[in-house]
Amino acid sequence: MAEMKEGERTVSGECRHPAVKWAQRSDKLFITVELPDAKNVKLKLEPEGKFFFSATAGADNVPYEVDLDLFDKINVDESKTSTTSRSIVYLVKKAEDKWWSRLIKQEGVRPVFLKVDWDKWVDEDEEDTKPGTDMDFGDIDFSKLNMGGGPSDFDADVPEGDYDSDTEEEEVREEENSAHNEPKATVPPSTEPEAKA
């Protein structure tokens, strides 16, 4: 049997729940299903707020499933999907532009696999002031974002292979300064009390 990872839960012995994160704006929801290397991904959205996701993952093609009754109605035609090798992000358009008090209709204890996506979260009163509230799901070239893994501008003015040269130059300057400056004799402090004027 395959080893379970955080967020995975067994459902009726066969299916598991992947970790699901969510955030909202007044007009849309961000629902991220964290399932690396997902295959056979299926999503069913219904206008009354039904969100059903299924996929397989891993070498054993383990089935995963998420079945949620969203808090309110959604606009299926204007909803979008963005898939990466690590997750599937759904941009679900709300039927009405209003803030929901929670993601799902079910009150009380939320499912253990469902968590808030703090990276995308914006409070209702900050929606219009926070930059990036209108996320675009277009093609993003992460190599241009200078997020690591590639060349950066930080060392653009330092010749290649010359990263420690400033340290060596400082040592040479210190040696030159000490050679040109003769040590000055220091006068030991007097033990006699100072005369007051």
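**Exercise 1. Find the side-chain partner of glutamine 24 and describe the surroundings of this residue.**

Solution. A polar contact of 2.5 Å joins the side chains of glutamine 24 and lysine 94. A polar contact is a pair of N or O atoms within 3.5 Å; within protein, one must be able to donate a hydrogen and the other to accept it, and residues adjacent in sequence count only if both atoms are side-chain atoms.

The model is predicted: local features need pLDDT of at least 70, side-chain atom pairs count only at pLDDT 80 or more, and totals for chains, interfaces and linings use all residues. Residues are numbered from 1 along each chain as its sequence is written, and side-chain values use heavy atoms, with hydrogens and water left out.

Step 1. Place the residue. Glutamine 24 belongs to strand E3, residues 19–24. Helices (H or I, at least four residues) and strands (E, at least two) are DSSP runs, numbered from the N terminus.

Step 2. Look for a backbone partner. A polar atom of the glutamine 24 side chain lies 2.9 Å from the backbone oxygen of tryptophan 100.

Step 3. List the neighbours. Not counting residues up to four places away in sequence, glutamine 24 touches Leu29, Lys94, Trp99, Trp100, Trp121 and Val122; contact means heavy atoms within 4.5 Å.

Step 4. Check the accessibility. Glutamine 24 has 2% relative accessibility and so counts as buried (buried is under 20% relative accessible area, exposed over 50%, partly exposed in between, with a 1.4 Å probe and protein chains only).

**Exercise 2. Give the strand order of the open sheet that contains E3, and say which strands stand at its edges.**

Solution.

Step 1. Read the order. The open sheet has five strands, E8-E9-E4-E3-E10, with mixed pairing. Two strands pair if DSSP finds at least two bridges between them.

Step 2. Find the edges. Strand E8 (74–83) and strand E10 (114–116) each have a single partner strand, so one side of each is left without a neighbour in the sheet.

Step 3. Add the twist. From one strand to the next, the twist averages 25°; axes are lines fitted to C-alpha atoms, for helices over the stretch in contact, and angles run from 0 to 180 degrees between N-to-C directions.

Step 4. Take one pair of strands. E3 and E10 run parallel and share three bridges. Valine 116 in E10 is the bridge partner of tryptophan 22.

**Exercise 3. Which residues make up the salt-bridge network that includes Asp117?**

Solution.

Step 1. Apply the rule. A salt bridge is a side-chain nitrogen of Lys or Arg within 4 Å of a carboxyl oxygen of Asp or Glu. The count is 11 salt bridges.

Step 2. Take lysine 21. Its side chain meets that of aspartate 117 in a salt bridge of 4.0 Å, N to O. Lysine 21 lies in strand E3 and aspartate 117 in the loop between E10 and helix H1 (165–180), so the pair ties together parts that are 96 residues apart in sequence.

Step 3. Take lysine 120. The salt bridge between the side chains of lysine 120 and aspartate 117 is 3.4 Å, N to O.

Step 4. Compare accessibility. Lysine 120 and aspartate 117 are both buried, while lysine 21 is partly exposed at 22%.

Step 5. Assemble the network. Salt bridges link Lys21, Glu34, Asp117 and Lys120.

**Exercise 4. How many aromatic pairs does the structure hold, and which ring geometry does the pair of tryptophan 22 and tryptophan 121 have?**

Solution.

Step 1. Apply the rule. Rings of Phe, Tyr and Trp (its six-membered ring) pair if their centres lie within 6.5 Å; planes under 30 degrees apart count as stacked, over 60 as edge-to-face and the rest as tilted. The structure holds five aromatic pairs.

Step 2. Examine the tryptophans. Tryptophan 22 and tryptophan 121 are edge-to-face, at 5.5 Å centre to centre with 90° between the planes. Tryptophan 22 is in strand E3 and tryptophan 121 in the loop between E10 and H1, so the pair ties together parts that are 99 residues apart in sequence. Tryptophan 22 is buried at 9% relative accessibility.

Step 3. Extend to the cluster. Trp22, Trp118 and Trp121 form one aromatic cluster.
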